[in-house]
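Here are my notes on the model you sent, set out as numbered points so that each can be checked by eye. Please read them with the structure open.

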Amino acid sequence: MLLKVNGLCVNYGRIEAIRDISFTVEEGEIVTLIGANGAGKTTTMKTVSGLRPVRAGTVVFDGQDITHLPSHERPVLGISQSPEGRGCFVGMTVMENLEMGTYARPDRKSKAVKDDLARVFELFPRLKERSNQAAGSMSGGEQQMLAMGRALMAKPKLLLLDEPSMGLAPKLIQQIFDIVTEINSQGTTVLLVEQNAAQALKRSHRAYILETGEIVREGTGKELANDPSVKAAYLGGDV
Amino acid sequence: MSTAATARPQDSGPGFRERVDNLPTAAKILLWALFAVFLFLLPLLNIPFITTEGSDFGGVLFTVATYVLVALGLNIVVGYAGLLDLGYVGFYAIGAYTVGVLSAEHGKLSWVVVVPLAIVAAMISGVILGAPTLRVRGDYLAIVTLGFGEIVRLTLVNLEYLGGAQGISNIPKPPGLELFEVPSIDWSSGAPVVDLDTTSTFLKFGINDFVPYYWLALVVIGLVLLFDILVKDSRVGRAWEATREDEDAAELMGVPTFRFKLLAFALGAAIGGLSGALFATKSGFINPQSFELLLSILFLAAVVVGGAGNRWGVIVGAIVVSYFPERFREFADFRVLVFGLALMLLAIFRPQGLLPPRRTVRAKRADDRQAVLEEGEASV
């Protein structure tokens with residue numbers, strides 16, 4: 001088991017953002033957390049990457065308890081997140097952003113980094129074309145690709161993707177999900193947070209449904225996609 | 001008209017920086033050496049118009065040099081790490097007072113010893129202030145640092161041990177050498193004439209001639225610049241940049257943002273303390289009034305006016321805020337009014353500063369290009 005979250009509680013001041021959440025991610029899987037706005041998806045993600053402190057519960061990654069490990073020490077272990085709202089370094093060029101992705105790698109000066117860069121450019125040819133351009137001057141979709149590419153440059157065991165399809169045109173959403181599937185098939189485990197439930201469930205091995213800070217359902221992507229109540233609540237009736 | 005045209009990126013050829021970069025190394029070294037010699041001789045050249053009439057030009061240049069030093073230090077905090085520090089004068093004061101207390105008020109330590117101690121004292125105070133406050137972000141940090149500057153000043157006023165409101169006098173001079181005399185240039189006849197009667201002694205730190213202090217400050221600026229370039233171009237510089245642009249994203253990349261902010265704070269404080277130490281050395285007398293809040297604002301103005309994040313920009317900014325008020329001293333109180341107006345005009349017409357970092361320029365240029373492209377696409 002690559003990631004095991006157990007009984008997680010996180011507060012924003014007095015407000016409980018998530019309550020007693022437990023889930024697991026197996027190596028090689030795509031696991032999705034689905035839920036409406038404010039259900040606690042991003043909070044859960046930030047807890048796994050260490051940006052939010054935990055009130056109760058544990059996060060175990062690759063056999064190691066990382067519940068209270070500072071966020072900047074997690075990339076070394078193999079956790080890399082593409083943050084919500086993209087979060088590129090807008091003043092840096094595309095290339096410099098990708099280099100930042102390797103910041104925590106002990107082998108950042110080796111040839112392995114070059115191979116990873118080639119792989120990222122293969123997944124996102126647009127980034128190669130724009131490698132000397134300032135990240136902030138690119139379109140939303142391109143910045144999303146950059147954020148994902150940058151996260152991949154850390155060579156993670158577990159890739160966290162927070163709403164990669166947010167604000168993108170339908171055609172681009174399709175493309176982004178194709179790439180997520182491709183990344184996964186190349187051996188990277190993916191934990192995905194999405195509002196676009198239809199696409200996400202289709203691509204996921206397993207999924208959890210969050211409502212107001214709690215997990216209310218879980219199952220394989222297919223099961224949930226075909227479940228009438230899930231369809232009604234998250235898939236707009238028909239897929 | 002012509003300046004407006006060159007300001008537009010599409011129209012300009014290779015920038016000044018690119019042109020310098022393209023020169024052969026030998027030519028570059030020669031140019032820098034000539035420029036350095038010019039800077040060292042500047043107070044003795046007495047060039048008409050730029051030389052201040054009302055006040056001693058060597059003294060003015062020394063003041064400008066301390067501002068440049070302060071701006072370089074504050075640029076690390078504000079420009080590189082993106083932390084708004086409104087109490088920078090506190091570190092300047094701590095540097096000056098360390099020199100005053102240890103070499104005059106309560107000790108007889110030599111200048112060579114107290115200056116490093118002043119740097120260390122300022123650095124430690126930077127860490128002490130930064131460790132609890134750098135966890136808060138943005139506006140709060142500005143308020144906390146604002147308070148820090150005032151606390152330092154009020155402590156100086158109220159602690160008799162530190163000289164109280166009277167301050168500390170008779171701060172000893174650095175050891176000198178008195179090797180040779182450097183003549184100055186006299187322009188009173190309309191043409192430059194070498195004046196062998198008005199000279200500066202290399203290297204005598206006296207009480208009438210401030211030129212040697214200016215030379216000292218120039219050397220210190222050179223060293224700090226070298227240090228600045230080395231640090232900025234390293235992993236540390238990149239980590240600061242990432243932290244400034246998006247702290248969460250930087251953490252996710254494995255950058256210990258708090259540690260790097262604290263480092264920026266400590267280095268900035270150290271340079272501020274060094275500048276204060278030079279100030280105390282030259283004036284020989286310090287009191288709490290030398291470290292008013294206004295000075296913090298002026299320091300910040302130097303960085304912002306020049307272009308936060310670009311070391312050459314903030315140097316220009318420091319020269320603007322410290323030299324012009326001295327140059328136009330004859331306008332008496334009006335000069336402050338004009339100065340304030342000039343700062344406002346700059347803020348309106350050149351908010352990114354006189355010489356913004358290349359990165360900012362590039363981001364903006366790419367932005368414009370993108371806008372043009374998108375308009376093009378839309379019309380198809």
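The points below take up chain B, then chain A, and then the contact between the two chains.

1. The coordinates are a predicted model, and what I say about helices, strands and contacts should be read with that in mind.

2. Chain B contains 15 helices and two strands, and of its 380 residues 42% are buried. When contacts in chain B between residues at least 6 apart in sequence are considered, 74% of them join residues at least 24 apart.

3. One helix pair in chain B deserves a closer look, namely helix H4, residues 57-80, and helix H13, residues 311-327, whose axes lie 8 Å apart and which pack at an angle of about 140°. Because of that angle, H4(B) counts as oblique to H13(B), and the crossing in which H4(B) passes H13(B) is right-handed.

4. Which residues meet where H4(B) packs on H13(B)? On the H4(B) side they are Val60(B), Thr63(B), Val64(B), Tyr67(B), Val68(B), Val70(B), Ala71(B), Leu72(B), Asn75(B) and Gly79(B), and on the H13(B) side they are Arg311(B), Val314(B), Ile315(B), Gly317(B), Ala318(B), Ile319(B), Val321(B), Ser322(B), Tyr323(B) and Glu326(B). Sorted by class, this contact of H4(B) with H13(B) has 13 nonpolar, five polar and two charged residues.

5. In chain A, four strands make up an open sheet with antiparallel pairing, and their order across the sheet is E2-E1-E4-E5. The edges are formed by strand E2 (15-25) and strand E5 (64-65) of chain A, each of which pairs on one side only.

6. Within this sheet, strand E1 of chain A, residues 3-12, runs antiparallel to E2(A) and is joined to E2(A) by seven bridges; a convenient place to inspect the pairing is Val10(A), which stands opposite Ile18(A) in E2(A).

7. Helix H1 of chain A, residues 41-49, lies across E1, E2 and strand E4 (56-61) of chain A, and the direction of H1 is at about 115° to that of E1(A).

8. How many residues of each chain take part in the contact between chain A and chain B? There are 21 residues of chain A in contact with 19 residues of chain B. On the side of chain A that touches chain B, the elements giving two or more residues are helix H2 (74-77) and helix H3 (94-101) of chain A. By class, that side of chain A has 11 nonpolar and 10 polar residues, with no charged residues.

How values were computed:
Residues are numbered from 1 along each chain as its sequence is written. Chains are lettered from A and ligands numbered from 1 in the order in which they are written. This is a predicted model: local features need pLDDT of at least 70, side-chain atom pairs count only at pLDDT 80 or more; totals for chains, interfaces and linings use all residues. Axes are lines fitted to C-alpha atoms, for helices over the stretch in contact, and angles run from 0 to 180 degrees between N-to-C directions. Angles under 35 degrees count as roughly parallel, over 145 as roughly antiparallel, 65 to 115 as roughly perpendicular and the rest as oblique. A crossing is left-handed if the near helix is turned anticlockwise from the far one by less than a right angle, and right-handed if clockwise. Two residues are in contact if their C-beta atoms, placed from the backbone, lie within 7 Å. Ala, Val, Leu, Ile, Met, Phe, Trp, Tyr, Cys and Pro count as nonpolar, Asp, Glu, Lys and Arg as charged, and the others, Gly among them, as polar. Two strands pair if DSSP finds at least two bridges between them. A residue is buried if 20 or more other C-beta atoms lie within 10 Å of its own, exposed if 12 or fewer, and partly exposed in between; C-beta atoms are placed from the backbone.
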